[in-house]
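Here's a quick briefing to read with the model open in your viewer. Have the sequence handy too, and hop between the topics in any order you like.

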Amino acid sequence: MAGNRQFFVSLLLLMLVPAAAQARDVPLNSLGTSAGKAQRRADGTLLLRPGATVRTDFAIRDGHGVSAQVERRDRCSTNLQVTARLGDQAASSPIGRTTRTAFWGLTAPAGTTRVSLTLTQPRDRAKNARTKKRRVRAKTRGARTKARGKPNARGKAKGRGKAKAARRPVRSRGPRRKRPRRKVAAARPCQASVLLKGLTVLERLPVNAAMTAAHFGQDPFYQALFPQHFDGLTPENELKWESTEPQQGQFTFEAGDRVVNWAIANGEYVRGHVLVWDFQNSDYVTNPKDFYLLQHHWKRAELIAVMQEHILNVVAHFRGRIPEWDVVNEAFNDDGSYKNNVWYQVIGPEYIALAFRLAHQADPQAKLFYNDLGYEAGGPHTQAVLNMVRSLREQGVPIDGVGLESHFDISAGPVTDRMRPVMQAFADLGMAEEITELDVNAGPGTDKLAAEAELYRQVARACLEQIACQRITTWGYTDRYSWLGSDRQGLPFDVNYQPKPAWQALQSEARPGI
Ligand code: G3I
């Protein structure tokens with residue numbers, strides 16, 4: 001009965017989690033096994049005996065549960081249980097004869113995490129109590145018999161029963177015949193075992209959005225509603241050059257601190273955006289003048305020093321609060337050529353490697369990304385970024401990932417069919433990936449909101465299916481303040497903060513109902 005109940009509880013638990021919830025398989029052949037107690041079978045399944053542990057280290061995004069497909073392979077009456085571990089959490093679940101799926105609601109943060117299962121045969125308290133009672137009774141009986149004088153092997157009575165025994169004539173038995181002892185095969189203990197047929201980790205994909213201090217304290221809903229929907233944010237403009245170093249050597253972090261500190265106070269993860277770009281630079285960078293306010297043309301060493309001072313100061317200021325940065329933004333044209341921005345003109349293409357090295361020098365712990373748009377679905381732009389990443393890796397430049405901005409138009413069509421091979425190509429280069437600025441230009445009217453939702457869903461699904469893809473960030477969250485303009489309806493919530501079909505689609509794909 002207990003097995004049935006446990007089976008239905010597991011089934012219920014799994015039903016609570018939407019089917020679209022990302023249950024990612026842990027390959028059984030990746031599991032290390034404890035010698036002797038686990039047997040790998042030809043079909044890839046594992047036969048576990050009590051005491052067996054199987055384990056592996058598994059890259060997860062945001063663990064929310066472990067489930068195992070199992071089957072008892074014995075007819076023993078004994079109870080068995082499996083203890084699952086995910087990171088530093090553990091829980092046990094009985095494995096009855098009818099158990100087919102066991103579920104453990106364990107949580108673990110994103111990263112490479114230890115996943116293990118251990119099969120044990122818990123001491124069967126009731127059975128042990130009965131056994132113990134039998135032993136005590138047997139012992140008592142033995143003791144009483146002894147006390148009644150039952151002759152021991154040498155015919156001598158011992159203890160209180162000595163007198164009684166003495167009254168009874170001891171028959172001479174003559175030489176004792178050795179009776180052949182009947183070989184009674186001791187009953188072999190029942191060999192319990194469980195077949196492990198599958199192991200999955202239930203995870204969710206963090207969903208962030210860009211926010212800007214421009215609406216802080218202006219709109220009572222803007223900050224109030226954000227934390228219940230999103231796991232983190234990217235300051236939309238407050239960390240850009242014009243905001244953090246408006247005059248050469250004069251750093252102003254008030255706006256950035258306001259957004260970053262609010263995020264941290266509300267348990268929100270922060271992405272830093274952006275250190276080197278060809279937009280929103282301060283005037284002294286793109287339009288330098290000398291002491292007589294005459295046009296000044298940067299010399300290479302001068303502009304390198306300007307970049308160095310900016311990156312070292314900005315990244316150091318936020319060190320410990322911003323765990324990852326968009327270091328360089330949008331360095332290529334769609335034909336794959338370098339954008340002819342001030343950095344490229346004066347320093348050359350090496351400006352990209354320099355920016356990453358400086359960011360790493362300022363915060364060695366931070367994850368460093370190249371961020372771009374228009375290369376998400378293949379073509380010469382994609383190839384140019386792949387070649388750059390490969391070259392940076394070969395030079396030992398500290399680059400950790402790429403940002404796929406994903407500013408799509410509703411007419412993009414099945415763009416994710418073309419995104420998947422691009423995502424795999426960057427994963428093959430060892431890059432982490434993020435959808436960093438998702439919005440879908442749906443235009444005015446309501447007729448395209450369903451198609452918009454489908455595109456949101458497809459992007460989320462493509463990211464979920466690629467373990468290198470760690471997070472989705474939409475570029476704002478309410479149409480009211482979208483950089484596209486509210487009439488383009490590009491974001492998951494409408495101008496009145498009402499969730500659109502796009503939000504439902506994003507939710508159902510990226511997150512379990514947890
Ligand atoms: O700060 C000034 C303000 O003083 C002035 O009164 C106001 C009126 O002109 O302009 C304000 O500056 C605006 C700035 O956003 C801050 O609000 C600029 O005009 C405006 O052009 C700028 O737009 C930003 C745009 O980047 C600049 O290219 C958008 O908000 C921002 O969402 C957008 O984000 C970029 C990413 O950083 C990189 N990927 C593409 C994405 C969309 O362009």
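In which loop is Phe-291 found? Look between α7 (283-286) and α8 (300-318): that's the loop that holds Phe-291. Keep in mind that this is a predicted model. The points below cover surface patches, an open sheet, some backbone oddities and the salt bridges.

**Surface patches**

- Phe-291 teams up with Tyr-292 and Leu-294 to make a nonpolar surface patch of about 470 Å².
- Phe-291 counts as exposed because its relative accessibility is 81%, and the cut-off for that label is over 50%.
- There's a positive patch on the surface as well, formed by Arg-130, Lys-133, Arg-134, Arg-135, Arg-137, Arg-141 and Arg-144.
- To find that positive patch, go to helix α2 (residues 125-147), which is home to Lys-133.
- Lys-133 has a relative accessible area of 55%, so Lys-133 is exposed.

**The open sheet**

- Five strands make up an open sheet, and if you walk across it the order is β2-β5-β10-β7-β8, with antiparallel pairing.
- The edges belong to β2 (32-33) and β8 (89-94); each has a single partner strand, so one side of each has no neighbour in the sheet.
- Strand β7 (residues 81-86) runs antiparallel to β8, and 6 bridges join the two.
- Two of the residue pairs to look up here are Leu-86 with its bridge partner Gln-89 in β8, and Gln-81 with its bridge partner Pro-94 in β8.
- The hairpin of β7 and β8 has 2 residues between the strands, and Gly-87 in this hairpin takes a positive phi near 60°.
- β7 is also joined to strand β10 (residues 111-120) by 6 bridges, again with the strands antiparallel.
- For a reference point on that side, Val-82 has Leu-119 in β10 as its bridge partner.
- As a rule for reading any regular strand, side chains alternate between the two faces of the sheet.

**Backbone oddities**

- Most peptide bonds are trans, and most residues other than glycine have a negative phi. Here are some spots that go the other way.
- The peptide bond from His-273 to Val-274 is cis, with omega near 0°. Val-274 sits in strand β14 (residues 269-276).
- Gln-280 isn't a glycine, yet its phi is positive, near 55°. You'll find Gln-280 in the loop between β14 and α7.
- Gln-280 has 24% relative accessibility, so Gln-280 counts as partly exposed.
- Gln-489 is another non-glycine residue with a positive phi, this one about 50°. Gln-489 lies in the loop between β20 (469-474) and α14 (501-510).
- Is Gln-489 buried or exposed? With 16% relative accessibility, Gln-489 counts as buried, because the label applies under 20%.

**Salt bridges**

- How many salt bridges are there? The count comes to 25.
- One of them pairs Glu-71 with Lys-197, where the closest N and O atoms are 2.7 Å apart. Glu-71 is in strand β6 (residues 63-72) and Lys-197 in strand β11 (residues 194-203), so this pair ties together parts that are 126 residues apart in sequence.
- Within that pair, Glu-71 is buried, with a relative accessible area of 17%, whereas Lys-197 counts as partly exposed at 42% relative accessibility.
- Another one links Glu-454 to Arg-457, with 2.9 Å between the closest N and O atoms. Both residues are in helix α13 (residues 449-465), and because they are 3 residues apart there, about one helical turn separates them.
- Glu-454 is partly exposed, with a relative accessible area of 33%, and Arg-457 is partly exposed too, at 27%.
- Glu-454 and Arg-457 also belong to a network of salt bridges that links them with Arg-420, Arg-461, Glu-465 and Glu-509.
- Asp-487 and Arg-488 form a salt bridge as well, at 3.4 Å from N to O. Asp-487 counts as partly exposed at 40% relative accessibility, and so does Arg-488 at 26%.

Definitions and conventions
Residues numbered from 1 in each chain as written. Predicted model: local features only at pLDDT ≥ 70, side-chain atom pairs only at ≥ 80, totals over all residues. Heavy atoms only, no water. Patch = residues over 30% accessible without salt bridge, like charges linked within 9 Å, V, L, I, M, F, W, Y side chains within 5 Å. Areas by Shrake-Rupley, 256 points an atom, 1.4 Å probe, with all protein chains shown as cover. Salt bridge = Lys/Arg side-chain N within 4 Å of Asp/Glu carboxyl O. Lys, Arg positive; Asp, Glu negative; His and termini not counted. Charge placed at Lys NZ, Arg CZ, Asp CG, Glu CD. Helix = DSSP H or I, 4+ residues; strand = E, 2+ residues; numbered from the N terminus. Buried < 20%, exposed > 50% of the residue type's maximum accessible area, 1.4 Å probe, protein only. Pairing = 2+ DSSP bridges.
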